[in-house]
Amino acid sequence: MLIRQVGCERERVIRVHAPVHLRPIKDVSGAWPRLAIVQFADTFPHLSEMIKERMRFTNRAKLLWSYLVRRERVPALPVEYIVETTAKCNLYCPMCPRETHPQPKEDMTDAIFDALVKGAARTGEHMMLIGLGEPLLDPKIFDRIEYCERHGISTLLSTNGVLLDEAAAEKLLASPLAHITLSFDGASKESFELYRKGAKFERVRDNFVRFSKLKHEKKAGVQIVVQMVRMQNNAGEVDEFRRFWSAVPGVDQVRIKEDETNVLQPEAARTAVESRPCHYLWRGPVYVKHDGRVFPCCQSYMLDGEPIGRLPEQSLEEVNNSDEMRRLRRLHAQGKAGEIDMCARCCVAIPHPVLVAGSLMLHGKWVRRALPAIERMVYGSKLPKRLLAPQRETLVQIERE
């Protein structure tokens with residue numbers, strides 16, 4: 001409202017801007033269907049969610065069928081994505097691929113992230129906002145979690161804990177984050193600080209304990225998994241690690257993970273050339289680097305494989321059925337994965353088709369929740385090891401400085 005002088009009196013002038021929805025619609029025939037869809041979705045949100053879930057179920061069914069019959073061209077999209085929202089990190093870890101693949105101090109742009117999430121909104125179920133960077137160094141990480149949630153995609157973070165102070169803990173617990181992995185490679189100060197150079201054992205441990213207890217007090221829904229990568233200097237601490245973290249309120253699972261990188265063993269390869277095709281090529285997760293390059297899996301980048309496409313220049317459909325992706329599927333389907341250099345050197349266990357089929361029967365977030373328990377049962381001999389056989393037989397010693 002403006003007030004102006006008119007003669008000896010003041011006159012009030014009120015400017016009214018027409019609301020957007022009152023603007024004339026030129027193409028009425030084309031506008032009405034769109035308006036009807038928006039109004040329908042707003043009026044029946046639960047029905048809208050049911051439709052989205054049906055679309056995701058259909059997508060999983062197509063993925064399962066394509067995997068079982070070894071289709072080269074897949075009429076569906078992956079259910080999971082590993083998304084590197086930042087390439088920045090605050091630690092030096094000798095087993096990390098950053099040591100062989102130096103990374104720039106850059107974050108993923110909004111254009112790349114927006115293209116990915118919108119492209120995956122109808123079929124994507126789970127995004128792990130991790131990569132070769134520390135997620136809490138991404139200034140937009142909380143906005144990205146919210147953005148995924150608005151598009152019906154659950155999220156996971158994995159953090160080294162250095163920046164997980166009380167303020168960050170409160171923000172994470174107030175967010176719709178579904179899963180978080182707390183990486184803590186050792187039960188003693190000596191082994192932890194050997195593998196996590198730049199981090200202080202007590203500080204990170206206290207950050208993780210406070211976060212877990214706060215989650216317990218608030219009854220927050222996020223799943224907390226405390227994880228240790230088993231290596232030479234911490235292998236004897238597994239029992240103590242499990243004992244300590246299992247007693248912390250708020251911790252849902254304790255995971256002992258095998259080292260799946262080739263950094264400490266560049267000559268490592270599979271103990272045997274398996275006939276099982278790699279499920280990553282059909283189900284995912286595909287790996288999206290901070291610069292938009294898309295790789296068939298996180299290991300492929302670390303083993304110097306070629307990208308299968310790039311966002312936002314290409315759509316997810318184009319990337320998922322690119323010439324390179326189809327070539328990889330074809331060789332795996334023919335039992336010739338050993339002819340692919342990165343696949344021959346990959347140390348990640350390939351699960352039995354029964355487990356792959358089971359992972360496509362459930363929503364991606366429930367699969368992610370169940371994974372540590374399945375690993376524990378397999379490695380604990382409660383399930384046949386052929387379901388998820390570890391590829392690495394020995395542990396590597398890191399030389400002390």
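**Loop residues, aromatic pairs and cavities in a predicted model**

N321 lies in the loop between α10 (316-320) and α11. The model described here is predicted. With a relative accessible area of 14%, N321 is buried, because buried means under 20%. Its contacts, neighbours within four places in sequence left aside, are E72, R73, V74, R326 and R329. R326 and R329 fall within α11 (323-333).

The chain as a whole has 14 helices and eleven strands. It holds 401 residues, and 50% of them count as buried. Contacts between residues at least 6 apart in sequence were also examined. Of these, 72% join residues at least 24 apart.

A second buried loop residue is L164. This residue sits in the loop between β5 (154-159) and α5 (166-174). L164 has 0% relative accessibility and so counts as buried. Beyond its neighbours within four places in sequence, L164 is in contact with L136, A169, L172, L182, N207, F208, R210 and F211. Two of these partners, A169 and L172, are in α5. The partner L182 is 18 residues from L164 in sequence. In space, the C-alpha atoms of L164 and L182 are 9.9 Å apart. Another partner of L164, F208, belongs to an aromatic cluster. That cluster is formed by F184, F192, F201, F208, F241, F244 and W245. Its members F201 and F208 are both in α7 (201-218).

Aromatic pairs number 13 in the structure. A pair of aromatic rings is described by the distance of the centres and the angle of the planes. Y287 and F295 form a tilted pair. Their ring centres are 6.5 Å apart, and the planes stand at 40 degrees. Y287 counts as buried, at 1% relative accessibility. F295 is also buried, at 2%. F295 takes part in another pair, with Y301. This one is edge-to-face, with 5.2 Å between centres and 70 degrees between planes. Y301 has a relative accessible area of 10% and is therefore buried. F295 thus pairs with Y287 and with Y301.

Charged side chains also meet aromatic rings. The charged end of K289 sits over the ring of Y301, 4.4 Å from the ring centre. Y301 therefore has K289 over its ring as well as an edge-to-face partner in F295, and it is buried. Elsewhere, R70 places its charged end over the ring of Y67. The distance to the centre of that ring is 5.1 Å.

Three cavities of 30 Å³ or more are counted. The largest encloses about 150 Å³ of space. Its lining is made up of 17 residues. C278, Y280, C297, C343 and C346 lie nearest the centre of this cavity. Three elements each give two or more residues to the lining: α9 (298-302), α11 (323-333) and α12 (341-345). By class, 13 of the lining residues are nonpolar, three are polar and one is charged.

Backbone geometry departs from the usual at several places. Most residues other than glycine have a negative phi, and most peptide bonds are trans. A cis peptide bond joins G284 and P285, with omega about 10 degrees. P285 is placed in the loop between β8 (253-258) and β9 (286-288). A cis bond also runs from L311 to P312, and its omega is near 0 degrees. P312 belongs to the loop between β11 (309-310) and α10.

Positive phi values occur at K219 and D304, neither of which is a glycine. For K219 the angle is about 55 degrees. K219 lies in the loop between α7 (201-218) and β7 (223-230). Its relative accessibility of 72% makes K219 exposed, because exposed means over 50%. For D304 phi is about 65 degrees. D304 is located in the loop between α9 and β11. At 55% relative accessibility, D304 counts as exposed. Both loop residues with positive phi, K219 and D304, are thus exposed, whereas the loop residues N321 and L164 are buried.

How values were computed: Residues numbered from 1 in each chain as written. Predicted model: local features only at pLDDT ≥ 70, side-chain atom pairs only at ≥ 80, totals over all residues. Heavy atoms only, no water. 1 Å grid on protein atoms, 1.4 Å probe; cavity = no way out; pocket = protein on both sides within 12 Å on 5 of 7 lines; lining within 4 Å. Points joined across faces, edges and corners; volume = space filled by probe spheres on them. Helix = DSSP H or I, 4+ residues; strand = E, 2+ residues; numbered from the N terminus. Nonpolar A, V, L, I, M, F, W, Y, C, P; charged D, E, K, R; others polar. Phe/Tyr/Trp six-rings, centres within 6.5 Å; stacked < 30°, edge-to-face > 60°. Buried < 20%, exposed > 50% of the residue type's maximum accessible area, 1.4 Å probe, protein only. Lys NZ or Arg CZ within 6 Å of the ring centre and 35° of its normal. Contact = heavy atoms within 4.5 Å.
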